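User: I'd like to learn how to read packing features from coordinates. Could you walk me through a case?

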Amino acid sequence: MRSYAQYCPVAKATETLGDRWTLLIVREMLGGASGFNELERGLPGISRSVLTDRMRALERAEVIERRTGPTGRTLDYRLTSAGRDLQSVVQAIGEWGVTWSFTEPHPEELDPDLLIVWMARHVDRGQLPSDRTVIRFDFRDPSRRYWMVLEPSEVSVCVQHPGFETDLEVTVDTATLYRVYLGRAELAGAIRAGLLTMSGPRALQRGFGRWFTWSAFASASRSAQERRTSASRLDSPHRVRISDAGGRGARPAR
């Protein structure tokens, strides 16, 4: 990104983070992604050349660092201290997004591949059963099937049968589970409406909702109206008027 030629923290930060895809790359890395292919899978629609360009720019800005093997081949990428410090920035942008720019999703925005990975990142391992638990997710519209293998020490997502017996089967519309994950709908309400059904031992069905912490933006999504009301009460910024050397042509400061 070209320089704004302004000695301003907002301008400087935007020069580093303002290119398309850059903040989403940071979002994925804050979620645990570290490999190039893993990042590409988490960013549907990005080209490999653009991802390469953005990663190089973030490395130059010392937001990420590249770990290489003995031959110089890239092994993975890690956030630096500057990158990890963006956690609160991404959180604030997401909270603003669910408050002011979130509408009903368009069909092309509903990607079960992304959703199942995001859910796996937000498993509360302290709430899991002590034994391995395998959930089969059957998504509708678009139709996809995944297995999530939950263990207190590890969580994995499989697109093929993992070779373990399925303990709980969940059938759900993709849009419905997105809404639950993002705090725009309650799990219990989706179950009552028949939009999400489960098959398996009753104890596992009851535990399902406790195993996931859902999105980091779910709380802000649930309180969006309250946040909008609070923002409407904020004072408007004061204007500063600037005149030219002769005192003519007064104009507001930018």
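Analyst: Sure. Both W118 and Y181 are buried (under 20% relative accessible area with a 1.4 Å probe, protein chains only; exposed is over 50%, partly exposed in between). Before we go on: this is a predicted model, where local features need pLDDT of at least 70 and side-chain atom pairs count only at pLDDT 80 or more, while totals for chains, interfaces and linings use all residues. Residues are numbered from 1 along each chain as its sequence is written, and side-chain values use heavy atoms, leaving out hydrogens and water.

User: How do I read an aromatic pair, and how many are there by the pairing rule?

Analyst: A pair of aromatic rings is described by the distance of the centres and the angle of the planes. Rings of Phe, Tyr and Trp (its six-membered ring) pair if their centres lie within 6.5 Å; planes under 30 degrees apart are stacked, over 60 edge-to-face, and the rest tilted. That rule gives nine aromatic pairs here. For W118 and Y181, the ring centres are 6.2 Å apart and the planes are at 20°, so the pair is stacked. The partners sit 63 residues apart, W118 in helix α7 (residues 112-121) and Y181 in helix α8 (residues 174-181), so to speak linking distant parts of the chain. Helices (H or I, at least four residues) and strands (E, at least two) are DSSP runs, numbered from the N terminus.

User: Is α7 mostly covered or mostly open?

Analyst: Mostly covered: seven of its ten residues are buried. Those are P112, L114, L115, I116, W118, M119 and A120. They pack (contact means heavy atoms within 4.5 Å) against α2 (22-30), α3 (36-41), β3 (133-140), β4 (144-151), β5 (154-158) and α8.

User: And how do I describe two packed helices, say α6 and α12?

Analyst: Two packed helices are described by the angle between their axes and the distance between the axes. Axes are lines fitted to C-alpha atoms, for helices over the stretch in contact, with angles running from 0 to 180 degrees between N-to-C directions. Helix α6 (residues 87-100) and helix α12 (residues 224-232) pack at about 95°, axes 8 Å apart. The two are therefore roughly perpendicular (65 to 115 degrees; under 35 is roughly parallel, over 145 roughly antiparallel, the rest oblique). On the α6 side, E95, W96, V98, T99 and W100 meet A224, R227, R228 and A231 of α12.

User: What about S215: buried or exposed?

Analyst: S215 counts as buried, at 8% relative accessibility. This residue lies in the loop between α10 (202-207) and α11 (218-222). Leaving aside neighbours within four places in sequence, S215 is in contact with Y181 and L182.
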